[in-house]
Amino acid sequence: GLGLSYKKDENFGEWYSEVVVSGEMIEYYDISGCYILRPWAMSIWEILQTFFDAEIKKMKIKNSYFPLFVSPAVLQKEKDHVEGFAPEVAWVTKSGESDLEVPIAIRPTSETVMYPYFSKWIRGHRDLPLRLNQWCNVVRWEFSNPTPFIRSREFLWQEGHTAFATKEEADEEVLDILELYRRIYEEFLAVPVSKGKKSELEKFAGGLYTTTVEAFIPNTGRGIQGATSHCLGQNFAKMFEINFENEKGEKAMVWQNSWAYTTRTIGVMIMTHGDDKGLVLPPKVATTQVVVIPVPYKDANTQGIYDACAATVKSLNESGIRAEADFRDNYSPGWKYSHWEMKGVPLRIEIGPKDLANNQVRAVRRDNGAKTDIPVANLVEQVKGVLDSIQQNLFETAKQKREACIQVVKTWDEFTEALNQKKLILAPWCDEEDVEKDVKTRTKGEMGAAKTLCSPFDQPELPEGTLCFASGKPAKKWTYWGRSY
Ligand SMILES: O=C1CCCN[C@@H]1CCCn1cnc2cc(F)c(Cl)cc2c1=O
Ligand SMILES: [Mg+2]
């Protein structure tokens, strides 16, 4: 098919909307903010899910499934944090022709669905820790510009909800899960992220503290929350009376966490690696890692070429590599090259008469276009090596790009300049909420205000006497700031 009509570095928004469709990941839907996830996207979700599900099972976390529907009384139980979200709650008000007595909410998240039952199930310390996860969809009827994977009214996620006897156990799990989220981004999606803590203003209002893995999109100069792991403290335990009798026979409230990653992960990967020829999939998450294309020439041993393609696919698949051949005789090799480049397949293998004669295949990398001839004799380990090198190259390239966007600032003028240059800003901050609010006010505009993204766990040296870039007060910590999704 034809190539993309938008260039990534010229029209990023249009490029993205086009590449997700041309790459056959997304089909637009007649309801705004809702998207069809086609198999090319769903298989990436499943690869991530397989990894994460196995990892949480090692941590003795169990999968469950709670209802999609939430009664209003229960939803509004957690008053203060719900009121801010009320406009985005979707409600069922009718069944058939008749109105429901009481409208029913569709879950935007499941704290209020689950925690009445946590209260019922947790009696004594032997019932702890209680650690549940669910793989499901959630609905948030947002009105800000919908973007496939990044911001949709319905999305897939996993939500973990855990309860412990002690804060120490909760604190430890928050970071264990955050490390899994880092691995999802850095080891699978080849996307660099920063682990850190959200400010009091940006954290989940119903919790005690929020940790996050923050990504960055150089093209738009916007930060994006990649996934989140909250310690809820005892706030929900208090509200939902989730108590237990501890070993001393005293009644104590549990300490809770909740954590999630979503289909947004796929959008961040596309934005990071995609180019003007289409998607670029990191091999670890590529549905098809190698596509094998026959290049027949007139009648030169066409059957031999096809047999060699089939044999190549077979030996790759037998070694655990996801390979497939494109034998369609109604498309030319050239058309197939563009098609599979658009779909982001990391490695293409071409087999023509010459390759056949020399008992080799021609491998072409999607990330840098490099071509190598591989003898059939050591096909498997050379292909494995190339795929690993593609994975590594995608991550290193993204890491360098991201680092090139980081701007350390010390003053307000440097801050606004860096913001206009679409930088990811690292600034010393006094950690005062009204200063953070003031920065939001002073940077308001049609591009959106600047906000804190996170305070990285990996803090650079903060020399004595360093002043906050915004207030001039003594700085307490280095913090990432920027516009965000
Ligand atoms: O981020 C996570 C990890 C997984 C479980 N949940 C937490 C917090 C979710 C915050 N949040 C986020 N969005 C919400 C939207 C809503 F309409 C309502 Cl009623 C509540 C919320 C809300 O609490
Ligand atoms: Mg929201």
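**Exercise 1. A salt bridge in helix α14**

Task: In this predicted model, determine how the side chains of Lys437 and Glu433 meet and at what N to O distance.

Solution. Step 1: The N to O distance between the side chains of Lys437 and Glu433 is 3.7 Å. Step 2: The cut-off for a salt bridge is a side-chain nitrogen of Lys or Arg within 4 Å of a carboxyl oxygen of Asp or Glu. The contact between Lys437 and Glu433 therefore counts as a salt bridge. Step 3: Helix α14, residues 433–442, holds both partners, which stand four residues apart, about one turn of the helix. Step 4: Lys437 is partly exposed at a relative accessible area of 43%, and Glu433 is also partly exposed, with 33% relative accessibility.

**Exercise 2. Salt bridges in helices α12 and α6**

Task: State which helix holds Lys399 and Glu403, which helix holds Glu179 and Arg182, and which residues are linked with Glu179 in a network of salt bridges.

Solution. Step 1: Lys399 and Glu403 belong to helix α12, residues 379–405, and are four residues apart, about one turn of the helix. Their side chains form a salt bridge with an N to O distance of 4.0 Å. Lys399 is partly exposed with a relative accessible area of 30%, and Glu403 is partly exposed with 44%.

Step 2: Glu179 and Arg182 belong to helix α6, residues 167–188, and are three residues apart, again about one turn of the helix. The salt bridge between these side chains has an N to O distance of 2.7 Å. Glu179 is partly exposed, its relative accessible area being 26%.

Step 3: Glu179 and Arg182 belong to a network of salt bridges that also links Arg183, Glu186, Glu187 and Lys195. As background, side chains of opposite charge can pair when their charged atoms come close. Over the whole structure, the number of salt bridges is 30.

**Exercise 3. Strand β9 and its partners**

Task: Determine which side chains of strand β9 are buried, and with which strands β9 pairs.

Solution. Step 1: In strand β9, residues 194–197, the side chains alternate between two faces. Ser194 and Gly196 point to one face and are buried, whereas Lys195 and Lys197 point to the other and are not. Step 2: Four bridges join β9 to β10 in the antiparallel sense. Lys197 has Thr211 as its bridge partner in β10. Step 3: β9 also pairs with strand β22, residues 451–456, in the antiparallel sense, over two bridges. Here Gly196 has Pro456 as its bridge partner.

**Exercise 4. The largest cavity**

Task: Give the volume of the largest cavity, name its lining residues, and state which strand gives the most to the lining.

Solution. Step 1: One cavity of 30 Å³ or more is counted. The largest cavity contains about 40 Å³ of space. Step 2: Its lining consists of Ser194, Glu214, Ala215, Phe216, Gly223, Arg402, Leu424, Leu453 and Tyr480. Step 3: Strand β10, residues 209–217, gives the most to this lining, namely three residues. Step 4: By class, the lining residues of the largest cavity comprise five nonpolar, two polar and two charged.

**Exercise 5. Nonpolar cores**

Task: State how many residues the largest nonpolar core has and which helix gives the largest share.

Solution. Step 1: The largest nonpolar core has 55 residues, and those with the most contacts inside it are Met25, Phe52, Phe149, Tyr181, Tyr261 and Ile270. Step 2: Helix α2, residues 39–58, gives the largest share of this core, with nine residues. Step 3: Another core, of 25 residues, lies apart from the largest one; among its members are Val280, Ile349, Ala363 and Ile390.

**Exercise 6. An open sheet**

Task: Give the strand order of the open sheet of three strands and identify its edge strands.

Solution. Step 1: The order is β4-β6-β5, with antiparallel pairing. Step 2: β4 (69–70) and β5 (91–95) are the edge strands, each pairing on one side only. Step 3: The antiparallel pairing of β4 with strand β6, residues 98–106, runs over two bridges. Val70 has Ala105 in β6 as its bridge partner.

**Exercise 7. Arg322**

Task: Locate Arg322 and give the separation of its C-alpha atom from that of Trp335.

Solution. Step 1: Arg322 is in the loop between α9 (302–318) and β16 (323–325). Step 2: With a relative accessible area of 30%, Arg322 is partly exposed. Step 3: Arg322 and Trp335 are 13 residues apart along the chain, and 22 Å separates their C-alpha atoms.

Notes:
Residues numbered from 1 in each chain as written. Chains lettered and ligands numbered in written order. Predicted model: local features only at pLDDT ≥ 70, side-chain atom pairs only at ≥ 80, totals over all residues. Heavy atoms only, no water. Buried < 20%, exposed > 50% of the residue type's maximum accessible area, 1.4 Å probe, protein only. Core = buried A, V, L, I, M, F, W, Y, C linked by side-chain atoms within 4.5 Å. 1 Å grid on protein atoms, 1.4 Å probe; cavity = no way out; pocket = protein on both sides within 12 Å on 5 of 7 lines; lining within 4 Å. Points joined across faces, edges and corners; volume = space filled by probe spheres on them. Nonpolar A, V, L, I, M, F, W, Y, C, P; charged D, E, K, R; others polar. Pairing = 2+ DSSP bridges.
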